Amino acid sequence: MNITFDELARHGSAFMAANLADLKNPAQAGPGLDDAAFERMYSFGFRLLAANQHEQALSVFSFLFAQRPSEARVLSGFGHSLHGLGDVGQAAMMHSLAYSAEPDNPGHILAMAEDLIAMEAPMVQDLLRAAEYLAAQSPQHGAVAERARGLLALLNRKAPGATG
């Protein structure tokens, strides 16, 4: 499939607008991706995130969202792109949707908490505790539990009246 970045962004924006109206009925117009092409696009979006190219990553994840609007990793990539662009409220919403799509992955709760730290939301510590608790239930999420513990400790040190 040969598609330019501008075409990708245009299709992604159109598909996203259509799909935001109803996540259960993805838009039917436009080019579809087979599984292999989807994986290549997802990997490309992830590499853009790793390179801090958040605007380009957002275009990729917008396009992928149009293809598979309820896939947790797409929602999460979308959220990480938004966070990188400073839209932490929308990023938290996307991570919340990712958690709804994949409730056995505490990484989505951790990502939502990281988004909300910037907003100084009162629920951050509760989210971090939930992420830590859920992650501790399965060994493959050990890094999530450790990150949640570290962020909790940092927030507790910065809390008014905290010593240390």
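The legends below describe close-up views of a predicted model.

**View 1. Overall make-up of the protein chain, which holds 8 helices and 0 strands.** Read from the N terminus on, the elements of the protein chain follow the order α-α-α-α-α-α-α-α. Of the 164 residues in the protein chain, 38% are buried. Among the contacts in the protein chain with a separation of 6 or more, 51% are accounted for by residues that lie 24 or more positions apart.

**View 2. The packing of helix α6 (residues 107–117) with helix α7 (residues 124–136).** The axes of these two helices are 9 Å apart and meet at an angle of about 160°; because angles over 145 degrees count as roughly antiparallel, α6 is described as roughly antiparallel to α7. The crossing of α6 and α7 is left-handed.

**View 3. Side chains and backbone at the contact of α6 with α7 are drawn from the residues named here.** On the α6 side the contact is made by Ile109, Leu110, Met112, Ala113, Leu116 and Ile117, while α7 contributes Val124, Leu127, Leu128, Ala130, Ala131 and Leu134. When the residues of this contact are divided by character, 12 are nonpolar, with no polar and no charged residues.

**View 4. The salt bridge between arginine 73 and glutamate 39.** The side chains of arginine 73 and glutamate 39 meet with an N to O distance of 2.4 Å. This pair links distant parts of the chain, since arginine 73 belongs to helix α4 (residues 72–84) and glutamate 39 to helix α2 (residues 35–50), the two being 34 residues apart. Arginine 73 has a relative accessible area of 25% and is partly exposed, and glutamate 39, at 35% relative accessibility, also counts as partly exposed.

**View 5. Glutamate 71 and its salt bridges with arginine 68 and arginine 73.** In the salt bridge of glutamate 71 with arginine 68, the closest N and O atoms are 3.5 Å apart, whereas in the salt bridge of glutamate 71 with arginine 73 the closest N and O atoms are 2.4 Å apart. Arginine 68 is partly exposed, its relative accessible area being 22%.

**View 6. The network of salt bridges that links Asp35, Glu39, Arg68, Glu71 and Arg73.** Within this network, Arg73 is paired with Glu39 and also with Glu71, and Glu71 is in turn paired with Arg68. A search of the whole structure finds 8 salt bridges.

Terms used. Residues are numbered from 1 along each chain as its sequence is written. This is a predicted model: local features need pLDDT of at least 70, side-chain atom pairs count only at pLDDT 80 or more; totals for chains, interfaces and linings use all residues. Side-chain values use heavy atoms; hydrogens and water are left out. Axes are lines fitted to C-alpha atoms, for helices over the stretch in contact, and angles run from 0 to 180 degrees between N-to-C directions. Helices (H or I, at least four residues) and strands (E, at least two) are DSSP runs, numbered from the N terminus. Angles under 35 degrees count as roughly parallel, over 145 as roughly antiparallel, 65 to 115 as roughly perpendicular and the rest as oblique. A crossing is left-handed if the near helix is turned anticlockwise from the far one by less than a right angle, and right-handed if clockwise. Contact means heavy atoms within 4.5 Å. Ala, Val, Leu, Ile, Met, Phe, Trp, Tyr, Cys and Pro count as nonpolar, Asp, Glu, Lys and Arg as charged, and the others, Gly among them, as polar. A salt bridge is a side-chain nitrogen of Lys or Arg within 4 Å of a carboxyl oxygen of Asp or Glu. Buried means under 20% relative accessible area, exposed over 50%, partly exposed in between (1.4 Å probe, protein chains only).
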